[in-house]
Every structure is written in structure tokens, then in C-alpha cells.
Amino acid sequence: MAVAADLDGDGDSDLGVGFSGIASPTLLLGNGDGTFGEPVVIFPSLNQPLVLLPAFGEPRSLAEADIDGDGDTDLGIVYQHASTQQQTLLIHRNDGNWKFGIFFFPLSAGSSALSAQDLNDDGRPDLAVASLAKLSIFLNETRFAPSRDCNLNTAPDECDVASGLSEDRDANGTSDECEGIPFHRGDPNVDGTTDISDAIALLGFLFRGGAAPSCLDSADTNDDGRLDISDGIGLLNFLFRDGASPAPPGPTTAPCGVDPQRPGSLDNLGCDAYPRC
């Protein structure tokens with residue numbers, strides 16, 4: 001028995017395989033080209049040789065789903081003990097890097113089949129285990145974390161990706177423009193306020209050999225992808241002449257945010273550290 005899913009969060013399909021007579025489900029991590037790495041056993045411990053029949057027995061049925069709502073694929077597995085025929089449902093919670101925590105529930109004896117489906121239409125995958133004479137339903141009551149809206153457009157980030165409004169080139173479930181350190185633009189000295197000291201710090205860096213801003217995007221007031229005198233002038237105009245506000249995510253009077261330009265683009269200078277957010 002096997003399931004295919006991205007278990008290590010790298011965007012490539014992996015395999016979770018249950019072998020008869022082998023205690024633990026085995027991971028085959030995909031290389032993205034149709035080949036797989038060396039088998040890795042996930043239970044009872046990681047990166048160990050294959051072992052035979054621990055207390056829970058051997059895998060009988062597998063299902064994959066994001067059971068805890070953290071964006072990573074988890075595994076539900078029914079084990080059966082060879083001598084007692086006792087069955088146990090184990091939920092292997094994936095931390096996103098194929099490390100798995102474990103929760104377990106006893107089942108009645110008998111051959112079982114496991115399925116992961118949203119059975120009560122609440123948006124969370126539930127688990128159903130069928131035996132010869134019994135159907136067990138495990139309703140998922142996990143409280144999912146609230147959806148992020150890192151670009152502050154009032155739509156959840158996953159909806160932006162699904163609708164095509166945002167790109168997700170690395171297939172990690174996060175909008176490309178939302179990957180980065182949150183910051184305020186117009187705060188080059190990263191003290192949490194936008195004032196004349198920021199303009200002094202920026203001009204000192206540009207013309208007097210002063211320290212480089214730890215968050216270059218914060219100093220790029222007009223978001224043109226360059227640090228130059230126009231950024232200092234724009235900041236002074238904003239402060240003292242009712243000029244245009246620093247470009248999104250805006251000055252310290254606005255919410256923290258990340259650069260709306262995706263990482264690696266010409267207009268994204270990067271931000272190494274901005275502790276005020």
C-alpha cells in the first residue's frame with residue numbers, strides 16, 4: 001500500500017509506503033525527476049534500519065491529508081498486531097520537513113480500510129475506518145490557524161494563489177510577494193518611528209560612509225530598487241512638505257508588511273533584519 005504526497009515540503013511528490021511484515025511506514029523522498037532517495041522509516045524513530053513488528057504491529061492501511069491544518073501533509077495509518085489482531089489508528093503529524101509526531105487511537109479487531117475525507121463539510125479532513133462489522137468515524141476538531149493576509153488585500157493568501165492574483169513559484173503555499181521579513185518603509189534606522197533621524201541615517205550612509213541599513217527595502221522610500229538621494233529627499237518631503245508617503249508597506253503609521261515585489265525582482269532590495277515588526 002502506498003500514498004503519494006509532498007511530505008518534505010520541497011514541491012516534489014514523495015511516497016509513503018507500508019510493507020507487509022515491516023513495522024513502520026517507509027518514506028521514499030522524491031528527487032523531482034521520477035527517482036527517489038534511500039528509504040527512510042518514520043516510526044518508531046527516524047533514520048533507522050527497518051525493524052520488525054513493534055507494539056502496534058504492521059501497517060494495514062494508509063491515507064494522507066493535512067489533518068492539523070498547518071499546510072503540511074500528514075499520514076493516517078492503521079496498524080494491526082500480528083498475534084492479537086488488535087488494530088490501532090496512528091496519526092503521524094508532519095512538521096513540514098518529514099519529521100512526524102504521533103497520536104494514536106485503539107480500534108476493534110478485523111481487517112480495516114482507512115479514508116480521509118471531509119465528512120461533515122467543515123473544511124477539515126476527517127478519518128473513517130471500516131472493518132468487517134464496524135465503521136469508525138473520527139471527526140477532526142482541530143482549530144486551524146487563521147489564514148494570513150500578508151499583502152493586506154483582505155483576501156487570504158491561499159486564495160490569492162488559487163485565483164492567480166499571486167504567484168507561488170516554489171509551491172510552498174505562500175504568495176511569492178509575501179515571503180520576506182515584515183518591515184516599515186521609511187525607517188532606515190529601524191527604530192520604529194519615521195522621522196528626521198531616518199533621513200539623516202540614509203544620507204549619512206549614501207554620502208558619509210555611515211552604516212548600511214539592516215533593511216535595505218526600508219530605506220528605499222520610493223521603491224524604485226535603488227538607494228540614492230531621491231529616497232532621502234522623498235522622506236524629507238513626506239515629513240515636512242506634505243509629500244507622498246513612502247511606498248507600501250508604508251511608514252510606521254501603517255501596518256507592518258513585506259515588499260509587494262517578489263524576492264529576487266529588481267525592485268526588491270531585501271531586508272536582513274527589522275526587529276520592530
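This is a short chat about strands and a surface patch in a predicted model.

Q: What kind of model is this, and how are residues numbered?
A: The model is predicted: local features need pLDDT of at least 70, side-chain atom pairs count only at pLDDT 80 or more, and totals for chains, interfaces and linings use all residues. Residues are numbered from 1 along each chain as its sequence is written, and side-chain values use heavy atoms, with hydrogens and water left out.

Q: What is the strand order in the open sheet of four strands?
A: The order is β1-β2-β3-β4, with antiparallel pairing. Strands are DSSP runs (E, at least two residues), numbered from the N terminus, and two strands pair if DSSP finds at least two bridges between them.

Q: Which are the edge strands?
A: β1 and β4 (40–41), each of which pairs on one side only.

Q: How many bridges join β1 to β2?
A: Four, between residues 2–5 and residues 14–17. Ala-2 has Val-17 as its bridge partner, and Ala-4 stands opposite Leu-15.

Q: And what is the partner of Val-17 in β3?
A: Thr-26. β2 and β3 (residues 26–28) are joined over three bridges.

Q: New topic: which residues make the nonpolar surface patch?
A: Leu-119, Leu-135, Ile-137 and Leu-139, with about 390 Å². Patch residues have over 30% relative accessible area and no salt bridge (a side-chain nitrogen of Lys or Arg within 4 Å of a carboxyl oxygen of Asp or Glu); nonpolar side chains are joined within 5 Å. Areas come from the Shrake-Rupley method with a 1.4 Å probe.

Q: Is Leu-135 buried or exposed?
A: Exposed, at 57% relative accessible area; exposed means over 50%, buried under 20%. Leu-135 lies in strand β11 (residues 135–138).

Definitions and conventions:
Patches are made of residues with over 30% relative accessible area and no salt bridge: like charges are joined within 9 Å, nonpolar side chains (Val, Leu, Ile, Met, Phe, Trp, Tyr) within 5 Å. Buried means under 20% relative accessible area, exposed over 50%, partly exposed in between (1.4 Å probe, protein chains only).
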